[in-house]
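Here are some exercises to work through at your own pace. Keep the sequence and the 3D view open, try each task, and then read the solution.

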Amino acid sequence: MNRVTLQDVADRAGVSMKTVSNVVRGYRHVSPGMRERVQAAIDELGYRPNRTGRSLATGRSSMLGLAFPDLRRPYFAELAHMFARVAESRGYRLLLAETGATADGERSVLHDREAGIMDGMVMQPQVLAARDLDGLRRGMPIVFLGEDPQPASADQVAIDNVAAAREAVEHLLRLGRRRIGFLGHETDRLSWTSTLRIEGYRAALDDAGLPVDPSLLVPRRQDGDARDAEEALSAALDAGLELDGLLCRDDLAAIGALRALRRHGLDVPADVAVIGWDAIELGASTAPSLTSVAPDTRALAERALDLLLDRLDGLEVPGRHVTVGHTILFRESAPALR
């Protein structure tokens, strides 16, 4: 049986090969009607892209890199899964790398880049400064994720952390909470992510006419996991901290907080309402289930790959900084108002 070709699909759909190629690659500027028409022909003929042939014809590998600081963290694992799904829908596969949240790890990923294997990379840096990244990213298109300031020439996708933190605290205020803490930021050097989330936290309290009590800012210890957050909040409660609401830097900190509060005989949400961040799947199974700030991970993956594929197609413009949406995923730990 002869292999179905791109030309076969084009003939069946009555369009050009370029249009079929754009649909196969997931190019976003194809009209819905045209995409449906081409997809019907693809399904009818059973067309499957020939990756080897496309690589030889275009000089591309159809492989993209994805680099995260720590793949043990559920948020990064779930985000990598989303990227893999979106990349596959556009005819690409992913090579996954872990930087270890170290300067050497980030430098190695950007310096090596598996020359000839990857067409481009999406990366969430955590340590290297913008000037370092700018000097290392030459030679291959890269899109940065996250909040850290990046070079003006670089493409970047993030959520509005200040606005999201403000909305989370405003929800706690509407629940009648007035002693609202922030749990889980770093003990030594405050990351840009924590800086922005604390800024939104402070802004919401200021809008409500409430002072920010420094004792309500509870840093997490070295490893930044749930156990560290549990121990940090337990120590603060032992020292006399009183609170009735809590915004956590991430869901791991919130899971630790649930354990610490239960150990101290405090009910969630009756005594302390808790909001996490990242909306990881595990949050649906905690007791109580976890209300959380939910970044739009699909939009994040889609927009990052949009920017990257634009660059692969030869687009030369100044760096584009894109903000995607977020919601508050209401569950039992800080329920929605009726």
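**Exercise 1. A proline and its loop**

In which loop is the place of Pro269? Once you have found it, look at the peptide bond that leads from Val268 to Pro269.

Solution. Keep in mind that this is a predicted model. Start with the place: Pro269 is in the loop between helix H11 (251-263) and S9. Next, turn to the bond: the peptide bond from Val268 to Pro269 is cis, and its omega is near 15 degrees. Now go on to the loop between S9 and S10, where you will find Pro288. The bond that joins Ala287 and Pro288 is cis as well, with omega about -5 degrees. As background, most peptide bonds are trans.

**Exercise 2. Ordering the sheet**

In what order do the six strands of the open sheet come, and which strands stand at the edges?

Solution. Trace the sheet from one side to the other: the order is S7-S6-S8-S9-S10-S12, and the pairing is mixed. Strand S7 (217-218) and strand S12 (326-329) each have a single partner strand, so one side of each is left without a neighbour in the sheet. That puts these two strands at the edges. Now zoom in on S7 and strand S6 (residues 180-183): they run parallel and are joined by two bridges. In this pair, Leu183 stands opposite Val218 in S7. Finally, add a helix to your picture. Helix H8 (residues 161-174) lies across S6, strand S8 (245-248), strand S9 (273-277), strand S10 (291-295) and S12, and runs at about 165 degrees to S9.

**Exercise 3. Two alanines with positive phi**

Is Ala279 buried or exposed? Decide where Ala101 belongs on that scale, too.

Solution. Begin with the backbone. Phi of Ala101 is near 55 degrees, and Ala279 has a positive phi of about 55 degrees. Neither is a glycine, and most residues other than glycine have a negative phi. Next, locate them: Ala101 is in the loop between strand S2 (93-98) and helix H6 (103-112), while Ala279 lies in the loop between S9 and S10. Last, apply the cut-off: buried means under 20% relative accessible area. Ala279 has 18%, so Ala279 is buried. Ala101, at 28% relative accessibility, counts as partly exposed.

**Exercise 4. How confident is the model?**

What is the mean pLDDT of the chain, and over which residues does pLDDT stay under 50?

Solution. Take the whole chain to begin with: the mean pLDDT is 89, and 91% of the residues reach 70 or more. Then look for the weak stretch: pLDDT stays under 50 over residues 55-59. For these residues, the model has three contacts beyond four places in sequence.

Technical notes
Residues numbered from 1 in each chain as written. Predicted model: local features only at pLDDT ≥ 70, side-chain atom pairs only at ≥ 80, totals over all residues. Heavy atoms only, no water. pLDDT = per-residue confidence, 0-100. Contact = heavy atoms within 4.5 Å. Pairing = 2+ DSSP bridges. Helix = DSSP H or I, 4+ residues; strand = E, 2+ residues; numbered from the N terminus. Axes fitted to C-alpha atoms, helices over the stretch in contact; angles between N-to-C directions. Buried < 20%, exposed > 50% of the residue type's maximum accessible area, 1.4 Å probe, protein only.
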